[in-house]
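Biologist: Please take one part of this model and go through it closely, with the cut-offs behind each term. After that, set the part in the context of the whole chain.

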Amino acid sequence: MNSIRNDHEVARDLATEAGQHLLRLRARQGLEEPEVLRTLGDRTSHEFLFSALGRLRPSDAVLSEEGADDSARLGARRVWIIDPLDGTREFAETDRTDWAVHVALWEDGELTAGAVALPAQGSTLSTVDPPWLPEERPSGQRLRITTSRTRPPEFVQRMATQLGAEVVPLGSAGAKICAVMLGIADIYVHAGGQFEWDSAAPVAVAKAAGLHTSRIDGAKLTYNEADPSLPDILVCRPELSSTLLASIRDVADRNSAGPHTGG
């Protein structure tokens, strides 16, 4: 991989290559000791990505789930935000394909490039060539909401009931947002606590594909903040956003517990 590739290609190629490293590690290590595999997966992928970015983009800062947070990034114009292994739990479970590698670039206040590798599914979605979003959903198709399979926010089930929607539990945030981009689901909503690296890359690709992305109150998702926590998110087809934001408000208003409670 040479340094003349543009940022979109760097994100795509690094996410894909890190995913290949993880597949080889998974095959070599086996699933008999899941905690060991998870630890090795996080470390191996982080070391590869951090080293590669240091070589290809030596002047840029890096914010990684698995690395020390260097406050110098707050004064940087360009920051790579990476999740070396999103869906660590699923990575060490038999027959799970809903884990991912995230590589995103934040530049001057905006996400400008990103890629989500889904190694066990043999694909990478990126801003090089964003997924094509069908102009319309099939008429009469029931809405599908994807959310955490292990920590689903309580309000999501209430919201699904209100909308008559089906809940589709999946693993990593990247896999869930990719499910919306690929038409497997229509909505991803989460309010159980996340960090910037959980959503930066998939949000970069989702925005490039034409999807709505926001906080669950409709506010803009912001990155490279001093506190990297980003507790809630909504990703959906653009024509659904107003209805969904109203539904979230209504569910919160009708229940003393807000959307960040439960799950």
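Modeller: Strand 2 (residues 78-86) pairs with strand 3 in the antiparallel sense, over 7 bridges. Here two strands count as paired if DSSP finds at least two bridges between them. Strands (E, at least two residues) and helices (H or I, at least four) are DSSP runs, numbered from the N terminus. The model is a predicted one, in which local features need pLDDT of at least 70 and side-chain atom pairs count only at pLDDT 80 or more, while totals for chains, interfaces and linings use all residues. Residues are numbered from 1 along each chain as its sequence is written, and side-chain values use heavy atoms, with hydrogens and water left out.

In the pairing with strand 2, Val79 has Trp106 of strand 3 as its bridge partner. Strand 3 also pairs with strand 4 (residues 110-118), again antiparallel and over 7 bridges. Two of the bridges to strand 4 can be named: Ala104 is matched with Gly114, and Glu107 with Glu110. The two strands form a hairpin with 2 residues between them, and in the turn Asp108 has a positive phi of about 50 degrees. Strand 3 (residues 100-107) is mostly covered, with 7 of its 8 residues buried. Buried means under 20% relative accessible area, exposed means over 50%, and partly exposed lies in between (1.4 Å probe, protein chains only).

Strand 3 belongs to an open sheet of 5 strands in the order 1-2-3-4-5, with mixed pairing. The edges are taken by strand 1 (61-64) and strand 5 (123-126); each has a single partner strand, so one side of each is left without a neighbour in the sheet. On average, neighbouring strands of this sheet are turned by 15 degrees against each other, direction ignored. Axes are lines fitted to C-alpha atoms, for helices over the stretch in contact, and angles run from 0 to 180 degrees between N-to-C directions.

Two helices can be placed against these strands. Helix 1 (residues 7-29) packs on the sheet and touches strand 2, strand 3, strand 4 and strand 5, with its direction at about 30 degrees to that of strand 4. Helix 5 (residues 173-181) lies across strand 2, strand 3, strand 4 and strand 5, and runs at about 95 degrees to strand 4. Contact means heavy atoms within 4.5 Å.

As for cysteines, the structure holds 0 disulfides, a disulfide being a pair of cysteine sulfur atoms within 2.5 Å. Cys178 is in none, and the nearest cysteine sulfur, that of Cys236, is 16 Å away. Cys178 is buried at a relative accessible area of 0%, and Cys236 also counts as buried, at 0%.

Cys236 leads on to Ser241, which contacts His212 and Cys236 when neighbours within four places in sequence are left aside. Ser241 is in helix 7 (residues 241-253) and is buried, with a relative accessible area of 11%.

Now the whole chain. It has 7 helices and 10 strands. Its radius of gyration, taken over C-alpha atoms, is 18 Å, close to the 18 Å that the globule rule gives for 263 residues, so the chain is as compact as a globular protein of that length; the rule is 2.2 Å times the number of residues to the power 0.38. Buried residues make up 52% of the 263. Of the contacts with a separation of 6 or more, 66% are between residues 24 or more positions apart.
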